[in-house]
There are 2 protein chains.
Amino acid sequence: MPPPAPGDREARRKDVSEAVWHVLADKGFGGLTLRAVAAAMGVSTGMLMHYFPTKRALITHALDLLEKRTAERPRRARPAAGLATVRAILLDILPLAPDDTARNRIWVSSWDLSLADDGLTTEQADRYTRLRSAIRPHLDAARDLGELPAAADPDQLAAAAVAFTHGLVVQALFDPGRFPQDVQITMLDDFLASTALPRPDGGSRPAPGAGARSY
Amino acid sequence: MPPPAPGDREARRKDVSEAVWHVLADKGFGGLTLRAVAAAMGVSTGMLMHYFPTKRALITHALDLLEKRTAERPRRARPAAGLATVRAILLDILPLAPDDTARNRIWVSSWDLSLADDGLTTEQADRYTRLRSAIRPHLDAARDLGELPAAADPDQLAAAAVAFTHGLVVQALFDPGRFPQDVQITMLDDFLASTALPRPDGGSRPAPGAGARSY
């Protein structure tokens, strides 16, 4: 078979990435093999060895793809300073729609791999540091706006917000019936409301778990 | 070689479980192979095939072992009704000591496997349901004791507490230097304090992230 023309090569590369994503969303990194990707594409594993000469090359491609699709996903507008922006950032993480569910499922799957490899552990720790750092200035702003108590520690609150969100992701992946979209959103709003001061307009602080949104 | 005597068989079975645990704590389910367990024991893979004729048998043993060691782990006393008991339950989950870290690392690792298998997904969803149900009566008691607002929803609060705790587990596994024991405990206390009402003795509600413990 002659080598494919450049346009074909690009199309084929996209097909390969799509098949890798499909296998990851279905079976996770634990089920990511050349054989599974080849089956998803209806090609031979020999053909795929051209793209991925080693298992390691396949995994590296999968991790890059996960990073790329996460960076390029559609995001909510960041409407205002303070807690409203923290809310938007965290809503962009939760598995509220099918694409978000697949992406989260693959991230959770990647933790097993990352914990077993020192380099990947460091990369994931750095990813968490960046996520907390992205949230942090909006918590500073929330404090300046009087949404949070003056004594609040934005670093620890950012870590708590990420913890709450990722723990909710995991529960929702295992039991989507118990955690449909509206339940996840209500829980996030309750979490944020519980960290906030009562509103200056005299609205009372909502009871935790009661589903009120205070900002 | 003659078959081992019954006492030897039991000792050998314990050695096998110890080796499986060692491999899981180091490499996760993604690195759990007959070869790795055999290497950890210094025996042949052929010898291990006697215990685990299939990869599936090895995985089933590993999951049973994880369940057993989790059930049998030492636990804090449950000192009092209400939030103090919720605190003890959640402290028993966090990776505060090396054994807890290994166990959590293996649980997080198991999620990739469980998400890829319908039966294991159901088992993990049921495990989450049981954990929330174990916390729930203590939140009811906390509400009755006036530690929580009367309008609080204990079901959603139990889910939020589990979410926060497991999300903190994951961050701490990846970055133990950022989340040493005292930081984890402070974050948990802040989380619980943020859901609580101000104390009836007039103690003010602590600022979130400020590390105060209010009960």
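## Salt bridges within chain A

A salt bridge is here a side-chain nitrogen of Lys or Arg within 4 Å of a carboxyl oxygen of Asp or Glu. In this predicted model, the side chains of A:Arg56 and A:Asp117 form such a pair, with an N to O distance of 3.7 Å. The two residues belong to distant parts of the chain, 61 residues apart: A:Arg56 lies in helix H4 (residues 55–72) of chain A, and A:Asp117 lies in the loop between helix H6 (98–115) and helix H7 (118–144) of chain A. A:Arg56 is partly exposed, at a relative accessible area of 43%, and A:Asp117 is likewise partly exposed, at 23%.

Helix H4 of chain A also holds a salt bridge between A:Lys68 and A:Glu72, at 3.8 Å from N to O. These two residues are 4 residues apart in the helix, and therefore about one helical turn separates them. A:Lys68 counts as partly exposed, with 47% relative accessibility. A:Glu72 is exposed, at 55%, because a residue is classed as exposed when its relative accessible area is over 50%. Elsewhere in chain A, a network of salt bridges links A:Arg76, A:Arg78 and A:Asp92.

## The corresponding pair in chain B

In chain B, a salt bridge joins B:Arg56 to B:Asp117, and the closest N and O atoms are 3.7 Å apart. This pair, too, links distant parts of its chain: B:Arg56 is in helix H4 (residues 55–71) of chain B, while B:Asp117 is in the loop between H6 and H7 of chain B, 61 residues away. B:Arg56 has a relative accessible area of 43% and is partly exposed; B:Asp117 is partly exposed at 24%. Over all chains, a search of the whole structure finds 26 salt bridges.

## Relation between the two copies

A turn of 180 degrees, with a shift of 0.0 Å along the axis, lays chain B on chain A with an RMSD of 0.0 Å. The two copies are thus related as by a two-fold rotation axis. Of the interface residues of chain B, 100% are also interface residues in chain A, so the copies meet through the same surface.

## Extent of the interface

The contact draws 51 residues from chain B and 51 residues from chain A. Between them the chains bury about 4,200 Å², of which 62% is on carbon and sulfur atoms. Three residues, B:Asp112, B:Leu115 and B:Phe174, supply 19% of the area that chain B buries against chain A, more than any other three residues.

## Polar contacts and composition of the interface

Between chain B and chain A there are 4 salt bridges. In one salt bridge, A:Asp112 pairs with B:Arg105, the closest N and O atoms lying 3.7 Å apart. The two chains also have 12 residue pairs in polar contact, counted where both residues have pLDDT 80 or more.

On chain B, the side that touches chain A receives at least two residues from each of helix H1 (6–27), helix H6 (98–115), helix H7 (118–144), helix H8 (154–174) and helix H9 (181–195). H8(B) gives the most to this side, with 14 residues. By class, the side of chain B that touches chain A comprises 28 nonpolar, 13 polar and 10 charged residues.

Technical notes:
Residues numbered from 1 in each chain as written. Chains lettered and ligands numbered in written order. Predicted model: local features only at pLDDT ≥ 70, side-chain atom pairs only at ≥ 80, totals over all residues. Heavy atoms only, no water. Least-squares fit on C-alpha atoms with pLDDT ≥ 70 in both. Contact = heavy atoms within 4.5 Å. Buried area = accessible area lost by both parts, 1.4 Å probe. Polar contact = N/O pair within 3.5 Å; in protein donor to acceptor, adjacent residues only side chain to side chain. Nonpolar A, V, L, I, M, F, W, Y, C, P; charged D, E, K, R; others polar. Buried < 20%, exposed > 50% of the residue type's maximum accessible area, 1.4 Å probe, protein only.
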